[in-house]
Amino acid sequence: MKFDTIIIGGGLAGLVCGLRLQKSGKKTAIVSAGQNAMHFSSGCFNLLSKLPDGTPVTDPIAAIDSLPETHPYRKIGADTVAKYADGAIDFFADNGVKLNGTPDKNGYRLSPTGSLTTTWLGLEDIDLLPTKEEKIGAKALIVNFLGYLDFNTSFIADGLEKKGTACRIEGLKSSCMDVLRKNPSEMRAVNIARVMDSQWKKVTDEVCTLLRDEDVVILPAVFGLKDQSVVSEIKKAIPVKVCFVATMPPSVPGIRSQRLLKESFEKAGGVFLPSDEVKTVTVEEGKVKGIYTSNQITMTADNFVLATGRFFSKGIEATPTRVFEPLFGADVIYSDARTTWYQKDFFAPQEFMEFGVDTDSEFKVKKGGEAISNLYAAGSIIGGFNPLHEGSGAGTAIMTALYVADKIIG
């Protein structure tokens, strides 16, 4: 099978890059091994939440010049990052994913602990507040499904009450959940969401009967797994402000977003190979010639993009003595002294969070100190930055994916 570009990895970086390429007329394929970080998403994309020294960031674009030169944003350049940021909402809307927020400013989302957390853009489910001082409401009704343990209402109430919001907690006894309640392990976000696709109106009516004088209702983000319109319909049906809060993984908004981006890619003519894995690669004279997958598919292309993520998705692997990239044997940025890889203090900066493949200024992957001429890296597999400074790796995934795609398009 011959393509213009083959992308290894079907997460956020791979899909954004693939969509840009395919819609620009480049015949593109994505090889996806399975679950990715989008399935564990908070429902928000972060661009830059804080600087490496811990300084909070309000204006992420203006803060780029304060980042180390190794950071991907410095390679892309503040002006180009600003251009991509400005077009992000439209880009995702064109591919079925509705976002809200201000492209050049950070806002704040309500976290599962009841605190307000810096973020950049949020999915339609997630409301963003402009400042950390703003209250989500004067009185909040926090509603959960009885038996659902991945949404801690007490944490949320404690956090909100510290900011002056009076909270009341209620549990829904909806009979439509009875089948799931028979087995506690079935009361998970995705299973609840499958029921809610058809039962959300009944649940909305039950929420309305619980309302007293509250001006905001807080619900777990377990709605709209297949139909994104369910989220907006619930907001219309409940007569006060509705705020959806992320739950413990898996993430319903994240899974939905990944599915919508995949469907848009395939609709544009792209080839998406799910549950497949690249097993061997052929590199000759500093150029990738082709790949061979676990489903016994041989594929060739003019260009390749490595978007396999870091440790979570095994894009980067480690032994007690080294950190390595398993597919191409690419150069990896990491310290030889294992004792520096991590700190015993869990909340201290962890050096391993910055490990990743080494690239040149155009994100071409290096091997033996030399760039492989047609192999690019996109997303968190790139070394030299810490995703925790962004709040997540989503910003780097989006920015590097667009940048690499534009380099390939020329």
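1. Two strands are taken to pair if DSSP finds at least two bridges between them, and this criterion is met by S8 and S10, which pair in the parallel sense over three bridges. Within this pairing, alanine 140 has valine 216 of S10 as its bridge partner. The model discussed here is a predicted one, and the points below should be read with that in mind.

2. On the side of strand S11 (residues 241-245), S10 is again joined in parallel fashion, here by five bridges, and isoleucine 218 stands opposite cysteine 243 of S11. Between these two strands the chain passes through H7, making a β-α-β crossover from S10 to S11 that is right-handed.

3. How many residues of S10 are buried? Five of its five residues are, so that the strand is described as mostly covered, buried meaning under 20% relative accessible area. The cover extends to both faces, with Val216, Ile218 and Pro220 buried on one side and Val217 and Leu219 buried on the other.

4. The loop that follows S10 and leads to helix H7 (229-237) contains glycine 224, which is buried, its relative accessible area being 0%. If neighbours within four places in sequence are left aside, the residues in contact with glycine 224 are Asp197, Val230, Val252 and Arg256. For one of these, valine 252, the C-alpha atom is separated from that of glycine 224 by 7.6 Å, although the two residues are 28 apart along the chain.

5. Turning to charged side chains, the structure holds 15 salt bridges, and one of them joins aspartate 213 to lysine 139, with 2.6 Å between the closest N and O atoms. Because aspartate 213 sits in the loop between helix H6 (189-210) and strand S10 (216-220), while lysine 139 belongs to strand S8 (residues 139-145), this pair ties together parts that are 74 residues apart in sequence. Both partners count as partly exposed, aspartate 213 at 49% relative accessibility and lysine 139 at 34%.

6. A salt bridge also links aspartate 150 and arginine 188, the closest N and O atoms being 2.8 Å apart. Aspartate 150 lies in the loop between S8 and helix H4 (153-162), and arginine 188 in the loop between helix H5 (178-181) and H6, so the parts that this pair ties together are 38 residues apart in sequence. Are the two partners buried or partly exposed? Aspartate 150 has a relative accessible area of 18% and is therefore buried, the cut-off being under 20%, whereas arginine 188, with 34%, is partly exposed.

7. A local salt bridge is found between glutamate 266 and lysine 262, whose closest N and O atoms are 3.1 Å apart. These two residues lie in helix H8 (residues 252-267), four residues from each other, which is about one turn of the helix. Glutamate 266 is partly exposed, at 32% relative accessible area, and lysine 262 also counts as partly exposed, at 21%.

8. Which residues are linked in a network of salt bridges? Arg168, Glu170 and Glu214 are linked in this way, and a colleague inspecting the model may wish to view these side chains together.

Technical notes
Residues numbered from 1 in each chain as written. Predicted model: local features only at pLDDT ≥ 70, side-chain atom pairs only at ≥ 80, totals over all residues. Heavy atoms only, no water. Salt bridge = Lys/Arg side-chain N within 4 Å of Asp/Glu carboxyl O. Buried < 20%, exposed > 50% of the residue type's maximum accessible area, 1.4 Å probe, protein only. Contact = heavy atoms within 4.5 Å. Right-handed = clockwise from strand over helix to strand, strands pointing away.
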